[in-house]
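Here are my notes on the model you sent. Please read them with the structure open beside you.

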Amino acid sequence: MDVRALHRQMNHYNRWKRQLDERLQRFEHWLNNHGVFAAPMGKTLQRARQLLRGESFTIACVGEFSRGKTELINALLYTGGGRRLLPSQPGRTTMCPTEIFWDAHQPANCVRLLPIETRRTNTSLQSFKRIPQNWVTIHFNAEDHEQTRAAINQVSASKKVSVADAIKLGFAQDELGERDEMGLVTIPAWRHALISLDHPLLRQGLRIVDTPGLNALGNEPELTLKTLPDAQAILFLLSADAGVTASDMDIWRDHIQTLREENCTAVIALLNKVDSLWDDLTPPQEIDANINQLRQLTARQLDLSPSHVVALSAKQGLLGKVGRNQAQLLRSNFPQLERMLAEIVMRNQQQIIGHRLVGDSYEMIINARNGLLRRFAEAEQEFNELRAAAPENAATKLQELRDTIRRVHHDYHKQALSLRTSQRLLESQKVPLLAPVSLAQLEQQVAEAHKNLAQSWTTVGLTRAIGKFFDDVDSSISHLEREIERCNRVMASIYERPEQPRGDDHLMMRHLLKIQKQRRQLRQLHKRADDFRKSLSTVFSHKGALISRFINTLVQEVRNVYVELNQHINHWMQEALAPLFHQNQYQKQLLEHHMLRLTQLQSQRNSVAEQLESLQTNLYQLQTALGNIEPLYREILSAPLEPELLVDADVSAEKTTAQVVSIHQGRQLTRGN
């Protein structure tokens, strides 16, 4: 049985992306080598390649203190050496939110730490990430265990401050622990940690976020407004010996459930430390029945499928890996988690297959090959007709061939003019499309929200200010949706014109302007805002810094959605008719090349034998171009994902299924989505 499914799937995922990128690069070179490259084609290929290079896979580990999140990460990232990567021992726990990743642009192996004092400002974490001088950076040599441990141990660092200072930093009085003899309390030394680590899995694009408990989620708005929504998978850690506690349920309801239901984020609930339920005096069958009963109960409490509740022991999984103890590893149930994560990576891969940019790029390759095949067949027929003609009729036949090509070229030229007119028609919709989501209008709405909030620093005031702000945003998006409906009708009418190729309804559906993703993001932000104000007491002046930080982060995330909408609309304007332009330009260029050759033959007054030789040369060139693109075409149509890299086939029926399909099948399945 495979116990390294995640490692293998991440490796496969990245090899697959590189293969996809290499295919697009090969096609770009083919277009250049055969003189049929056009700027719109290049733009589509470039954006598709940027999409492939920008994809990463984020796992967020969420749960209360002492649920074993750090040990889980140690087991996930273990590659050898017999040691833990992250500190995990009694009395030491991750005190601040921590992101673990590989950044090729940063010095290898470093920990960057943001001081807790930055909470006194309203500046968001995202903004601080762009200000390096505010961070404390510790470099370490991964080969030196003590140096590595000392650097990474900093995420557990704490400091003593007065109660007043703790409150100013956003900690509520009831969140603070016991005071020492001098009246001081312990708080985290750092607000956020970034660990850049040269590790095989992280190099493949895996990113892990460790969130230390409910208090951290409540005190750092950006975690719930941005970090968690950006994750592809959330591991919700519970303790097997305690089940779902009240604070666990708070985390589930406030921070995870909505993402699962509305964002389609993959969520796996982990009953960790299941080894605490192992008992040598109890029959194994009874232990298994008790654990299964706990899984079923947890599934009902969280309204999850039992297949998404896994009982495991991260500690035993790590020990099994370190000691190469297969039995211990299997009993820990850690391999099941790795297989489930591998399936989520696979589904993410299939979403890329269905992306419009990838579909357009592959459509270009297919159309280029099929168009070239037709042109080769026509050129071969022309050659045979000229060869069969009597010598005295050769000139007439050549003129007929040229006239035929000219007529076809003229049709494509008219189609090109029609497309340019259509493009201008679409572009005329740009101003009314962008007006509802203009950043200037948003800033006015933001200013009004701040003004309303300033007038009443209470829960009621906050509710009214946020409610009015999101009412204005919702009104703008509804206005935008009406404009989108009108623009989509215009675009559909262009695709349905008689001069356009028939049977291309899937192209039209794939290029409709859609904003469901951004609409969903705004709904989630609104819900987060409602949940936040419900969590506050009637008067909350002591939480002023947290509220200001939340409002600023909320506004920034709405602003980010608006920026994304503007970019999305601008890209749509450029690409809505791209497939029609690609087909037209390519065919027109092929005909122009051939018409130029026939014109040269006529003007040079060569002998029939020389004319035939010239046409034969043209046939060879077309045949060479066809031979060069044929392997790429065949790969696209038939090359499946590599079966030896798939997750194990003998996983229990409870697990989620993910069908593995070829690129062509994936494209067919996702048309219209």
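How many residues does helix H24 have, and how far does H24 reach from its first C-alpha to its last?

1. **Helix H24.** This is a predicted model. H24 covers residues 608–638 and has 31 residues. From first C-alpha to last, H24 reaches 43 Å, close to the 45 Å expected at 1.5 Å a residue. Look at Ile629: H24 bends there by about 35°. A proline, Pro631, follows within four residues.

2. **Helix H1.** At the other end of the numbering, H1 takes in residues 5–33. H1 has 29 residues and reaches 41 Å between its first and last C-alpha, close to the 42 Å expected at 1.5 Å a residue. Just after H1 comes Gly35, with a positive phi of about 70°.

3. **The chain as a whole.** The secondary structure comes to 25 helices and 11 strands. Of the 673 residues in the chain, 52% are buried. Now take the contacts with a separation of 6 or more: 82% of them join residues 24 or more positions apart. The accessible surface comes to about 29,900 Å². Carbon and sulfur atoms hold 49% of that surface.

4. **Strand S1, cover and faces.** Is S1 mostly covered or mostly open? S1 (residues 57–63) is mostly covered, with seven of its seven residues buried. In a regular strand, side chains alternate between the two faces of the sheet. In S1, Phe57, Ile59, Cys61 and Gly63 point one way. Thr58, Ala60 and Val62 point the other way. Both sets are buried.

5. **Strand S1, partners.** Which strands pair with S1? One is S8 (residues 206–212), which runs parallel to S1 and is joined to it by seven bridges. Here Gly63 has Pro212 as its bridge partner. Another is S9 (residues 233–239), also paired in the parallel sense, over four bridges. On that side, Val62 is bridged to Phe236.

6. **Strand S3, cover and faces.** S3 (residues 110–115) is mostly covered too: six of its six residues are buried. Cys110, Arg112 and Leu114 point one way from S3. Val111, Leu113 and Pro115 point the other way. Note that Arg112 is among the buried residues.

7. **Strand S3, partners.** S3 pairs with S4 (residues 136–139) in the antiparallel sense, over four bridges. Val111 has Ile138 as its bridge partner in S4. S3 also pairs with S7 (residues 190–196), again antiparallel, over six bridges. In S7, Ser196 stands opposite Cys110.

8. **The largest nonpolar core.** Which residues have the most contacts inside the largest nonpolar core? They are Phe27, Trp30, Leu235 and Leu341, in a core of 94 residues. Helix H15 (residues 356–388) gives the largest share of this core, 12 residues. Phe27 and Trp30 fall within H1, residues 5–33. Leu235 falls within S9, residues 233–239.

9. **Leu341 and its contacts.** Leave aside the neighbours within four places in sequence. Leu341 is then in contact with Leu6, Phe57, Ile59, Leu76, Ala233, Leu235 and Ile268. Of these, Phe57 and Ile59 point one way from S1, along with Cys61 and Gly63.

10. **Another core.** Apart from the largest core lies another, of 51 residues. Among its residues are Val446, Leu480, Val558 and Trp572.

Definitions and conventions:
Residues numbered from 1 in each chain as written. Predicted model: local features only at pLDDT ≥ 70, side-chain atom pairs only at ≥ 80, totals over all residues. Heavy atoms only, no water. Helix = DSSP H or I, 4+ residues; strand = E, 2+ residues; numbered from the N terminus. Expected span 1.5 Å × (residues − 1). Buried < 20%, exposed > 50% of the residue type's maximum accessible area, 1.4 Å probe, protein only. Pairing = 2+ DSSP bridges. Contact = heavy atoms within 4.5 Å. Areas by Shrake-Rupley, 256 points an atom, 1.4 Å probe, with all protein chains shown as cover. Core = buried A, V, L, I, M, F, W, Y, C linked by side-chain atoms within 4.5 Å. Bend = angle between axes of the 7 residues up to and from the residue.
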